[in-house]
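Please look over the protein chain displayed below before reading the report that accompanies it.

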Amino acid sequence: MSWFESLVLGLVQGLTEFLPVSSSAHLRLTAAFSGWKDPGAAFTAITQIGTEAAVLIYFRKDIGRIISSWFRSLFDKAMRHDHDAQMGWLVIVGSIPIGVLGVTLKDQIEGPFRDLRITATMLIVIGVVIGIADRLAARDETGGRHRVPKQRKTLENLGVKDGLIFGLCQACALIPGVSRSGATISGGLFMGYRREAAARYSFLLAIPAVLASGAFEVKDSLGAGHVDWPPTLFATVIAFVSGYAVIAWFMKWISNKSFMPFVWYRIALGVAIIALVGAGVLSPHAAESAG
């Protein structure tokens, strides 16, 4: 992998990780359109450490409170009713589905799931799902001619059942084209949560899964030697910087804006990929992963 490739791919990772457009799909597509080798699942997992570092810094106050309260709740029964302590447990519970499926489906994630036809299909299907969820949320928020606005749930209403559903939605993002934020936020909207609440929990929920996945890939890569470390680390730093900027923008934007621009973008991109693969311009299968 060249330094220029790592710069571009790091930017793509940072700019798309937190938007409902699928960062793994865009990394795969950037490589395919540029004629580069597929950076591979290991590159994606490692550079995501950079974007999660951005989450840790942006939400540092929330994370500090949650960790402190959760740890104290282990020894103080009274603390177990504290919202932050409960959030700590809910993040753990919500991380179980992706942990189990990530290990179980590891070979499929690194192989068949990276087929561009699957990616394109997921871009379209999940785009439609996000669009429906967005319309339902907008209807509740604005009401209508014969309806009053409906109060949506906040993170204070989050329980184990909803936490597991959020976790199952996040696990769908193991397939390129789904989008971690798109799946979890739309799942939250279907369950009646406010946009900001769904986004905040989505970002917090991703921390254990992404850091564990990145650490696992680092451990495997150190032994196998199939990662070109200097460019990959450079891409990780670029992903951190660009990712932080996107979080700051997205959290302000999401409170009163529609997801429909992302929906139409996903559908258009998915249709274009299917057309290009059908015409033989793009191969549906990944070129040999970059090393």
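The report below goes from the overall fold to single residues.

This is a predicted model, in which local features need pLDDT of at least 70 and side-chain atom pairs count only at pLDDT 80 or more, while totals for chains, interfaces and linings use all residues. Residues are numbered from 1 along each chain as its sequence is written, and side-chain values use heavy atoms, with hydrogens and water left out.

**Overall fold**

The protein chain contains 12 helices and zero strands, where helices (H or I, at least four residues) and strands (E, at least two) are DSSP runs numbered from the N terminus. With a radius of gyration of 19 Å, close to the 19 Å that the globule rule gives for 291 residues, the protein chain is as compact as a globular protein of that length; the radius is taken over C-alpha atoms, and the rule is 2.2 Å times the number of residues to the power 0.38. Along the principal axes, the C-alpha atoms of the protein chain fill a box of roughly 55 × 50 × 35 Å.

Of the 291 residues in the protein chain, 51% are buried, a term that means under 20% relative accessible area, with exposed meaning over 50% and partly exposed in between (1.4 Å probe, protein chains only). Contact means heavy atoms within 4.5 Å, and among contacts in the protein chain between residues at least 6 apart in sequence, 79% join residues at least 24 apart.

**Surface and charge**

The protein chain exposes about 13,400 Å², of which carbon and sulfur atoms supply 67%; accessible areas come from the Shrake-Rupley method with a 1.4 Å probe, and for residues only the protein chains shown count as cover. There are 27 positive and 21 negative side chains in the protein chain, and the centres of the two sets lie 9 Å apart. In that count Lys and Arg are positive and Asp and Glu negative, His and the chain ends being left out, and each charge is placed at NZ of Lys, CZ of Arg, CG of Asp or CD of Glu.

**Cysteines**

With a disulfide defined as a pair of cysteine sulfur atoms within 2.5 Å, the count comes to zero disulfides. The sulfur of Cys-169 is 6.1 Å from the closest cysteine sulfur, in Cys-172, which is too far for a bond. Cys-169 counts as buried at 17% relative accessibility, whereas Cys-172 counts as partly exposed at 41%.

**Helix H9 and the positive phi angles**

In helix H9 (residues 180–190), 10 of the 11 residues are buried, so this helix is largely enclosed by the rest of the structure; among the buried ones are Arg-180, Thr-184 and Leu-189. Just after H9, Gly-192 takes a positive phi of about 95 degrees. Two residues that are not glycines also have a positive phi, and they are set side by side here.

| Residue | Phi | Loop between | Relative accessible area |
|---|---|---|---|
| Ser-22 | about 80 degrees | helix H1 (3–16) and helix H2 (23–34) | 2%, buried |
| Ser-179 | about 90 degrees | helix H8 (160–171) and H9 | 3%, buried |

**Gly-94**

Gly-94 lies in helix H5 (residues 83–104) and is buried, with a relative accessible area of 0%. Leaving aside its neighbours within four places in sequence, Gly-94 is in contact with Gly-163, Gly-167, Gln-170, Tyr-201 and Leu-205. The C-alpha atoms of Gly-94 and Ala-138, which are 44 residues apart along the chain, are separated by 26 Å.
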